[in-house]
Amino acid sequence: MNSLSIFGTSSDAGKSTLSFAITYLLHHRGIKVAPFKAQNVSNNSQVTDAGGEVAIPQYFAAEAIGMKTTPDINPVLLKSGGKSQAHVIVNGESVSNKDVWSYYRDLDTLKPHVKKAFLRLQEKYDCVVAEGAGSPVELNLMDKDLSNIYVAEEFNTKIILVADIQRGGVFASIYGVYHLLPKKLRKNVIGVIVNKFQGDMSLFDEGVTIIEEKFKIPVLGVVPFKPFNLGFEDSESIMNYVQDTTKAIIKVGVIKLPHISNFTDFEPLIADREVELSFLVNPSEIDSCHVVVLPGTKRVVDDLEWLRKRGFQTKLKGKTIVAICGGYEMMYESILDPKQIESENKIVTGFGVFRGEVSFKKKKIVTKRKYKLFGIKLQGYEIHNGVTQKIAQKKKNVYGTFVHGIFDSDALRYKIFSKVNKYYKGYNFKKYKKKSIHEFAQHIERHVDIEHIVQELND
């Protein structure tokens with residue numbers, strides 16, 4: 001069976017959600033399938049079952065089909081660094097900080113890692129669904145691209161184009177991307193999916209005819225827009241969440257730090273009908289919040305300074321605060337970075353809620369396990385360089401922990417929120433997540449010719 005590449009005709013066309021849904025639907029047709037992305041750029045990562053960190057979309061797709069996760073599903077991950085640098089993670093392990101030009105110069109050294117990861121997946125699975133990155137035909141970057149052209153050429157994958165009709169210019173984007181692809185790849189394009197349609201579907205009947213008859217590209221489906229508040233890839237995508245707040249009784253504000261990371265921590269809050277979630281950029285917005293979340297960040301010291309300059313520190317006093325990972329580190333008296341792992345500042349004064357200091361170590365802690373936090377047993381994960389004596393602390397109305405994924409725990413959400421509002425009841429997030437995944441996959445199945453895709457993959 002052939003493997004499959006999902007290319008966008010633009011950035012944010014919906015490649016991640018469609019890649020997940022197609023992986024899920026192939027799996028439920030009895031096909032052994034694995035998600036894959038050669039290189040991802042995101043501060044949102046998870047810890048695999050085998051150890052090491054990968055980007056959320058591939059982890060999410062694998063988790064949805066019950067697949068044991070390894071770094072093979074995302075062999076290269078880039079996280080934001082300081083001064084135009086990227087933190088490079090290869091095969092789940094941190095290897096270096098590089099500026100953009102150094103990264104591109106050394107790109108050929110990463111290709112063997114991508115190739116080996118893909119081949120390992122091919123040995124175990126019938127089909128690998130490889131998500132592309134941005135547009136595959138950025139002409140000045142095509143020779144520096146790992147996720148699109150390199151994978152499609154190296155493994156002779158079948159290709160689906162995904163076009164976002166909300167952006168406008170859908171015909172130009174489809175025609176342009178198709179004709180800018182190398183000729184040998186055009187023959188592998190099995191069709192296009194027109195994504196995020198809103199309004200009367202019949203209005204695009206003529207559009208389908210134009211694409212199929214004039215462009216000679218099969219239209220595999222026109223997908224109506226459907227909110228899906230899970231598996232967010234980056235901070236921009238989570239800003240597009242859709243929430244029903246008609247029954248909300250608690251307002252939760254997440255401070256939108258400049259280098260915010262692991263924002264999937266807040267998916268259970270978006271889904272909670274008793275919670276109105278907002279992302280805060282101004283200190284005055286804190287006044288209306290019952291709970292404030294100080295989230296994880298890739299640049300703790302930089303974001304701590306940003307909070308102080310904006311005046312957040314005084315506004316936080318007296319509030320119920322949940323501080324996670326980088327946010328937790330800010331709550332200590334001092335942050336020490338003698339080897340300048342994350343910042344040029346070797347010592348910085350923290351908010352001083354918790355006594356003691358946090359020290360940055362070169363070796364990153366990357367682990368996933370069961371924890372007991374604030375009297376609650378839960379599953380979570382850690383990704384951090386900062387080290388201190390306690391993995392979690394509570395002082396009065398401030399909860400702090402290194403552990404991500406804590407809001408997935410129904411019991412922990414209830415413990416915190418019921419103290420804020422005694423009428424808070426809570427809900428079953430695991431059940432919600434399973435149902436949402438199934439319903440979204442069914443939505444894609446109704447509007448995309450999956451059987452034709454399977455036929456092409458078997459050709």
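Author: Let's start with Lys196, which lies in strand 11. The model is a predicted one.

Reader: Why does Lys196 count as buried?

Author: Its relative accessibility is 14%, and buried means under 20%, so Lys196 meets the cut-off. Its backbone is worth a look too: Lys196 is not a glycine, yet has a positive phi of about 65°.

Reader: Which other residue, not a glycine, has a positive phi?

Author: Lys396 has one, with phi near 55°. Lys396 sits in the loop between strand 23 (392-395) and strand 24 (398-401).

Reader: What makes Lys396 exposed?

Author: Exposed means over 50% relative accessible area. Lys396 has 71%, so it is exposed.

Reader: Back to strand 11, then. How do you know that Ile193 is buried?

Author: Ile193, also placed in strand 11 (residues 189-197), has a relative accessible area of 0%. The limit for buried is under 20%, so Ile193 qualifies.

Reader: Which residues does Ile193 touch, not counting those up to four places away in sequence?

Author: Its contacts are Leu18, Ile22, Ile160, Leu161, Val162, Ala163, Leu220, Gly221, Val223 and Val448. Ile6 is 187 residues apart from Ile193 along the chain, and their C-alpha atoms are separated by 9.9 Å.

Reader: Let's turn to the cores. Which residues of the largest nonpolar core touch the most other members?

Author: This core has 63 residues, and those touching the most other members are Phe20, Leu26, Phe36, Leu146, Val151, Ile160 and Ile453. Helix 1 (residues 15-27) supplies the largest share of the core, seven residues. There is also a second, separate core of 60 residues, with Val254, Phe266, Leu307 and Tyr371 among its members. In soluble globular proteins, nonpolar side chains tend to be buried together.

Reader: What is Leu146 in contact with, leaving aside its neighbours within four places in sequence?

Author: Leu146 contacts Ala38, Gln39, Val76, Tyr103, Leu107, Leu110, Lys111, Val114 and Val151.

Reader: Now the helices. Why are helix 1 and helix 2 called roughly parallel?

Author: Their axes cross at roughly 20° and come within 9 Å. Angles under 35 degrees count as roughly parallel, so helix 1 and helix 2 (residues 56-64) earn that name. Their crossing is right-handed. Ser16, Phe20 and Tyr24 of helix 1 make the contact with Pro57, Phe60, Ala61 and Ala64 of helix 2. By class, those residues are six nonpolar, one polar and no charged.

Reader: And why are helix 1 and helix 15 called roughly perpendicular?

Author: Helix 1 and helix 15 (residues 429-447) pack at about 90°, with axes 9 Å apart. The range for roughly perpendicular is 65 to 115 degrees, so the description fits helix 1 and helix 15. On the helix 1 side, Thr17, Leu18, Phe20, Ala21, Tyr24 and Leu25 take part. On the helix 15 side, Ile437, His438, Phe440, Ala441, Ile444 and Glu445 do. This contact has nine nonpolar, two polar and one charged residues.

Reader: What makes helix 2 mostly covered?

Author: Seven of its nine residues are buried. They are Ile56, Pro57, Gln58, Tyr59, Phe60, Ala61 and Ala62. Just after helix 2, Gly66 has a positive phi of about 75°.

Reader: Why is Glu63 called partly exposed?

Author: Glu63, found in helix 2, has a relative accessible area of 37%. Buried is under 20%, exposed is over 50%, and partly exposed lies in between, so 37% makes Glu63 partly exposed. Tyr24 is 39 residues apart from Glu63 in sequence, and 9.9 Å apart from it in space, C-alpha to C-alpha.

Reader: One more, please. How do you know that Asp303 counts as buried?

Author: Asp303 is in helix 11 and has 0% relative accessibility. With buried set at under 20%, Asp303 therefore counts as buried. Leaving aside neighbours within four places in sequence, Asp303 contacts Leu257, Pro258, His259, Ile260, Thr297 and Met330. The buried residues of helix 11 (residues 300-310) are Val300, Val301, Asp303, Leu304, Trp306 and Leu307. Just after helix 11 comes Gly311, with a positive phi of about 90°.

How values were computed
Residues numbered from 1 in each chain as written. Predicted model: local features only at pLDDT ≥ 70, side-chain atom pairs only at ≥ 80, totals over all residues. Heavy atoms only, no water. Core = buried A, V, L, I, M, F, W, Y, C linked by side-chain atoms within 4.5 Å. Buried < 20%, exposed > 50% of the residue type's maximum accessible area, 1.4 Å probe, protein only. Helix = DSSP H or I, 4+ residues; strand = E, 2+ residues; numbered from the N terminus. Contact = heavy atoms within 4.5 Å. Axes fitted to C-alpha atoms, helices over the stretch in contact; angles between N-to-C directions. Parallel < 35°, antiparallel > 145°, perpendicular 65-115°, else oblique. Left-handed = near helix turned anticlockwise from the far one by under 90°. Nonpolar A, V, L, I, M, F, W, Y, C, P; charged D, E, K, R; others polar.
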